[in-house]
Amino acid sequence: MMKRKLGRQGLEVSAIGLGCMGMSEFYGPTDEAESIATIHSAIDSGITLLDTADIYGPFTNELLIGRAIKGRRDRVVIATKFGNVRGEGGKFLGVNGRPDYVRSACDASLQRLGVTTIDLYYQHRVDRAVPIEETVGAMAELVRDGKVRYLGLSEASPNTLRRANKIHPISALQTEYSLWSRDPEDEVFETCCELGIGFVAYSPLGRGFLSGRFKKFEDLLPEDFRRNHPRFQGENFQKNLDLVSRVGRIAGEKGCTPAQLALAWLLAQGKEIVPIPGTKHRKYLEENVGALDVALTTADLERIEEVAPRGITAGDRYPQAGMLTING
């Protein structure tokens, strides 16, 4: 497994990580046994970065990770997040970046994960009501206390990154990035490069759309939260399906799947970028890992750019309420 560095503080992870959110919620029925088998298979394949958050489940995804890594703790880098707040019933209650909440959230995650240290701790969303200096100051205390090794932010703006990095080095920014979500390519990437911050790309397969597995809206199960996302609705669905078809033709010529081509493209965008495709099935995990064997030439990248230029995707990446929480 190839490795990549996140930040300048010494954090090194596998070139592809594993997003674990869907193992507990959001993408339809779950199967704990298959999920744990998928995590074990990921570790055996050389994947070290496991990504979770306290709200996934809610609260059950960290428990699942904790069970899965027993006896394997020294082989994984655990990344989890705080800041998005949910009640026990699952209701979203807003964003909290207050120092007291940072500390209590970390203690709760450590207990659920069954570990003494979190390797990479993210603020899930920026709390616009709390100065980032206060939030990161509390996160830095966790590092000094030995509860956390490295710090990260998610969906933070360049200005927030700069302010946060002055308080404590930020090792990674996690933001959506894929062939159909290319907003970070301007100022965000420039800021990360300048400050030496690694970039973790979530939803690198466009929440599964770029895999080519969805042909119509009804392919999404009734409880699948993607039904609420603009890119999966109405005319947007068909327009985006046309994009996937064009990418799929190039994949066919390269002898790989559309998902593998999309991941290979992302890996080619910079050595500081680490995608974390999520899956709860071993067969899709194997497919994703296979992207590391797809070599894209300059001509290949130019062709992909022609069929999937920035801005071609139809629809926002979140419903309106979600769009208000990004680039904080």
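Arg207 and Glu176 form a salt bridge in this predicted model. Their closest N and O atoms are 3.7 Å apart. Arg207 sits in the loop between strand 11 and helix 7 (234-254), while Glu176 belongs to strand 10 (residues 172-176), so the contact ties together parts that are 31 residues apart in sequence. Arg207 also appears among the residues closest to the centre of the largest pocket.

**The Arg207 network**

- Arg207 has a relative accessibility of 8%, so this residue counts as buried, the cut-off being under 20%.
- Glu176 is buried too, because its relative accessible area is 2%.
- Salt bridges with shared partners join Glu155, Glu176, Arg207 and Arg317 into one network.

**Other salt bridges**

- The count for the model comes to 24 salt bridges.
- Glu32 and Arg67 make one of them through their side chains, at 3.1 Å from N to O.
- This pair links distant parts of the chain: Glu32 is in helix 1 (residues 32-45) and Arg67 is in helix 2 (residues 60-68), 35 residues apart.
- Glu32 counts as partly exposed because its relative accessibility is 40%, between the limits of 20% and 50%.
- Arg67 is likewise partly exposed, at 40% relative accessibility.
- Arg226 and Asp224 also meet in a salt bridge, with 2.6 Å from N to O.
- Both Arg226 and Asp224 are buried.

**Largest pocket**

- The largest pocket holds about 1300 Å³ of space.
- Its lining is made up of 50 residues, and those closest to the centre are Met21, Phe26, Tyr27, Arg207 and Phe225.
- Three elements give two or more residues to this lining: strand 7 (92-95), helix 9 (282-289) and helix 11 (320-323).
- Strand 7 provides the largest share, with 4 residues.
- By class, the lining of the largest pocket has 24 nonpolar, 17 polar and 9 charged residues.
- Arg207 therefore has two roles in this picture: the residue is close to the pocket centre and is a buried partner of Glu176.

**Second largest pocket**

- About 300 Å³ of space lies in the second largest pocket.
- It is lined by 15 residues, of which Lys5, Ile197, Gly198, Lys271 and Glu272 are the closest to the centre.
- Strand 1, helix 6 (187-195) and strand 11 (198-202) each supply at least two of the lining residues.
- The largest share comes from strand 1, which gives 4 residues.
- The class split for this lining is 6 nonpolar, 3 polar and 6 charged residues.

**The N-terminal hairpin**

- Strand 1 (residues 3-6) and strand 2 (residues 11-14) run antiparallel and are joined by 4 bridges.
- Arg4 has Val13 in strand 2 as its bridge partner.
- The two strands form a hairpin with 4 residues between them.
- Gly7 lies in the turn of this hairpin and has a positive phi of about 80°.
- Strand 1 thus belongs to the hairpin and also gives the second largest pocket 4 of its lining residues.
- In a regular strand the side chains alternate between the two faces of the sheet.

Definitions and conventions:
Residues numbered from 1 in each chain as written. Predicted model: local features only at pLDDT ≥ 70, side-chain atom pairs only at ≥ 80, totals over all residues. Heavy atoms only, no water. Pairing = 2+ DSSP bridges. 1 Å grid on protein atoms, 1.4 Å probe; cavity = no way out; pocket = protein on both sides within 12 Å on 5 of 7 lines; lining within 4 Å. Points joined across faces, edges and corners; volume = space filled by probe spheres on them. Nonpolar A, V, L, I, M, F, W, Y, C, P; charged D, E, K, R; others polar. Salt bridge = Lys/Arg side-chain N within 4 Å of Asp/Glu carboxyl O. Buried < 20%, exposed > 50% of the residue type's maximum accessible area, 1.4 Å probe, protein only.
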